[in-house]
Amino acid sequence: MISFKSASWLTIAVWVCAAFIWGCGDTSTSTPRHQDVLEDGSVDLASDVGVDVTEADQANDTELQDLALDESAEVLSCEPGVVTCSNACCTAGQTCVAGVCTDACSDGKPRCGNDQVCCPGTLECVLGACAAGCNSGVRCGPTQTCCAANEVCDDQAGACVLACPTQVFCGAQQTCCGAGELCFVETCVAPGIPCQENYQCPAGEYCETTIGNCLPIAALPGCFYIPTEDFLPEVEWEWSGSTVEPDYHQVMMAPAVANMTDDNGDGLIDTHDIPDVVFSTFTGSQYTATGYIRVVSGDTGQELMVFTQSQVAGASSVAIGDIDGDDRPEVIASLPSYAGVIAFEDNGDIKWQRPGVYMGWGGASLVDLDQNGDVEILASGSMIDHTGVEVWNTAASGCGNGRQIPVAADIDRDPSKRAEVVTGLCILDGFGNVLFRLKDSTGANWASDGFPAIGNFDAEPHPELVTVSGGAINLFSWDGTWRWSVPGPGGSLGPPTIGNFIDDDPQPEIAVAGASNYVIIDEVDDGTGKMVGQIVFSKATQDQSSNVTGSSIFDFEGDGIAEAVYNDECFIHVYDTRLSAADPLSDKFMLPNTSGTTHEYPIIVDVDNDGNAELIAIRNDYAPSITTACLNWPGFDVSGAGHGVRVFGDRKDNWVSTRRIWNQHAYSITNVTENGKIPQVADRNIDVFNNFRQNAQSDGLFFAPDLTLENLDFDISACPAQLTLTVDVNNDGAQGVGSGVPVSFYLVNADGSRTYLGTSTTTAVMLPGNFETVSFTWDIPLPLQGGSFEFVVVVDDPGDGSSVNNECHEDNNELSTSAAVACLDIT
């Protein structure tokens, strides 16, 4: 409805002013005056006023012209929300275009350009022309560029810039982290020093291995996983033969583990790759004469390489490390019949050979004696440089060879931490000069060379030397002074192992295997104030062939007390040494596993990079007489007679984490980094771990992730054929997780059962406090299309109901729909 009303008081005021202009202001004319009202409602003063009106006058008097109406004229007034156009009211929804009422665009968008067109679809009007829509709603600069969702407009520069240049958002407020910062427990922090293990971090920090940097412990929530299940080893894989040199399948040496291959294709051989197991094989009973080195993948046992360029002595141990600084590992082994030392490149090519150095059943030790970045090789009583030149040997000094397994360690604790060389008779500097000779109780030179090891058995900071020789276990002070000897359990006795077996006091114990017993020796007060060695644990075993096998230890459950791991001729044993040897429960694990025995021993290492320890043992069956003798032992059966390499893991992955490397027979953790580098300046192992032939465990051992889900959402735009689900995966725990965390999606059936739909995986590392959004698109079967559905999403589930990561909370991995989701045909 259209209505009119009389001219306002403003109109009257205009007329008063106009009267002055036409009458009172100019009395020289008496021509009758009138005004014409034009089509748009304005007054044509130029034609009716008796003076010339210039363009400037018109510009200055615009407001007067618009308001100077005939006193009898009426002002048009339209309903609220209705547009006035050419003195007419448009209908609802119309707009005024060039003085004509025109229908508005159907989608409510304004018309565009000189032609006043409606931009179709998602196009929008930009600078007078229809252009692609801007999803972010932010246009910028003279060209009105559309900024991305993660950008803002820099008005000064007239350009779109990243809202957060680092693209690292953190916390509930999504704070933008600065350059070099990362989001950790919902706070932007600068990562600490690079690390591979906790002991490398400053006090108050731990090594977050998913990124290889130290981070503050105090920021972590209290999230721990402590194994509580039974000890349940099972064979994860075994290697028992090959199509390459197939007759060479017997193994009787200590294997080594290191990264030998670039598995992820990034051009580097490092801890981001799967570790590999390296071992020698021989044929028949020819373990002295000839053999071949093999490299198999630590996760499956698949054979990757056979070093056919040269044969080796099958019973000698290997050593692995980057000896020349090329960031690739070399392998050091013994030539056939112990005729010398050979170095292989990582691909099996021969690097050099050094004839005339006899290693026997032993193995090389790698160390940077002069701390110049080039690695030296201790082989028997010789020191060989990284190019294969023999620099010195102990022949003239009579210092022996440590029964072919010499050891390097900082014995005198000089400020430089420069290592000394320890045999079974002497302590030498890096140039081969004798610093100390070991003495017997009378002060005479010790007469019997033996296997050395290093540990600290008292409050004094210098280490003590353990040797096994002459059928006894011996302890010496760092300067070679004799402290005590304990007769062994029979036979020649093998290399010693040092660690905390019996209790949680700071003093370690010594384990040694003989012909018929495995024993642990503790240093105790004899009642007079004198410290002596005493056998505190002894288990009957069988090693009548060599009686010189070694052993290792590991705290599988992380309770602070290590288990002893030993393989005699018949079984692989895991002993709980906290219990009396007479207690049947002290045999924590025993499985038939035959060997003719040399200096070999099982090793414990994270061989498949899964964050849990595995146990690696060798076996051989070249001597049927050994199998026959083993049949006299309860629990032995012929299935234990075999050859090759076996890897054991816990059935529920309850064994704690450890390092991914064990590079040589004389292994002591700080002698090598996890990426196979030999430290230029090595940390003193006695100060950090105080063990020998045990792998690493340290602070943060039980830190665990806590994987949860939230913000389950749905995209129904492709319904009824497809439905896309998205969900946020959170890590609310105290340990990061790598990429590849599985997230499985299930359809909930009418009876409450579940139908597996599929699995997505995360794509990046998730530190504590971080999240990642994953999605899954379900192709809906035709009979179900057009229906409504309920879903359950489960994180850390590969689709079979199992779990991949040990978490501090295993009962919060699921998220369900709160109501049925309708996936109807919306076309």
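The following questions and answers walk through the domains, sheets, hairpins and some local features of a predicted model.

Reader: What should I know about the numbering and the limits before I begin?
Author: Residues are numbered from 1 along each chain as its sequence is written, and side-chain values use heavy atoms, with hydrogens and water left out. Because this is a predicted model, local features need pLDDT of at least 70 and side-chain atom pairs count only at pLDDT 80 or more, whereas totals for chains, interfaces and linings use all residues.

Reader: Into which domains is the protein chain divided?
Author: The bounds come from an automatic or database domain assignment. Following the chain, the division gives domain 1 (82-131), domain 2 (167-214), domain 3 (231-384 + 401-685) and domain 4 (705-821).

Reader: How many residues of domain 4 are in contact with domain 2?
Author: The C-alpha centres of domain 2 and domain 4 lie 27 Å apart. Contact here means heavy atoms within 4.5 Å, and by that rule 10 residues of domain 2 touch domain 4, where the number of residues in contact is 11.

Reader: Which residues of domain 2 lose the most area to domain 4?
Author: Buried area is the accessible area (1.4 Å probe) that two parts lose on being put together, summed over both. For domain 2 and domain 4 this comes to about 680 Å², with 62% of it on carbon and sulfur atoms. On the side of domain 2, 50% of what is buried belongs together to the residues that lose the most, namely Cys-183, Glu-208 and Thr-210.

Reader: How many residue pairs are in polar contact across the interface of domain 2 and domain 4?
Author: The count of salt bridges (a side-chain nitrogen of Lys or Arg within 4 Å of a carboxyl oxygen of Asp or Glu) between these two domains is 0. A polar contact is a pair of N or O atoms within 3.5 Å; within protein, one must be able to donate a hydrogen and the other to accept it, and residues adjacent in sequence count only if both atoms are side-chain atoms. With both residues at pLDDT 80 or more, the number of such pairs across this interface is 3.

Reader: Which strand gives the largest share of the side of domain 2 that touches domain 4?
Author: Strands (E, at least two residues), like helices (H or I, at least four), are DSSP runs numbered from the N terminus. Two strands give two or more residues each to this side, strand S15 (182-184) and strand S17 (205-208). The largest share, 3 residues, comes from S15.

Reader: Which strands are the edge strands of the open sheet with the order S36-S37-S38-S39?
Author: Two strands pair if DSSP finds at least two bridges between them, and the pairing in this sheet of 4 strands is antiparallel. Within it, S37 (residues 464-469) and S38 (residues 472-476) are joined over 5 bridges, and one of these places Ser-469 opposite Ala-472. The strands that pair on one side only are S36 (451-455) and S39 (482-487).

Reader: Which residue of S33 is the bridge partner of Ala-408?
Author: An open sheet of 4 strands has the order S32-S33-S34-S35, with antiparallel pairing, and its edge strands are S32 (407-409) and S35 (434-437). S32 is joined to S33 (residues 420-422) by 3 bridges. The bridge partner of Ala-408 in S33 is Val-421.

Reader: Which residue in the turn of the hairpin of S53 and S54 has a positive phi?
Author: Strand S53 (residues 742-748) and strand S54 (residues 754-761) pair in the antiparallel sense over 7 bridges, and in S54 the partner of Val-743 is Ser-760. The hairpin leaves 5 residues between the two strands, and the residue in the turn with a positive phi, about 90°, is Gly-752.

Reader: Which residue does Glu-523 meet in a salt bridge?
Author: Side chains of opposite charge can pair when their charged atoms come close. A search of the whole structure finds 22 salt bridges. In one that links distant parts of the chain, 40 residues apart, Glu-523 lies in strand S42 (residues 517-525) and its partner in strand S39; the distance is 3.1 Å, N to O, and the partner is Arg-483.

Reader: Where is the proline of the cis peptide bond from Cys-719 to Pro-720 found?
Author: Most residues other than glycine have a negative phi, and most peptide bonds are trans. The bond from Cys-719 to Pro-720 is cis, with omega near 10°. Pro-720 is found in the loop between strand S51 (707-715) and strand S52 (722-731).
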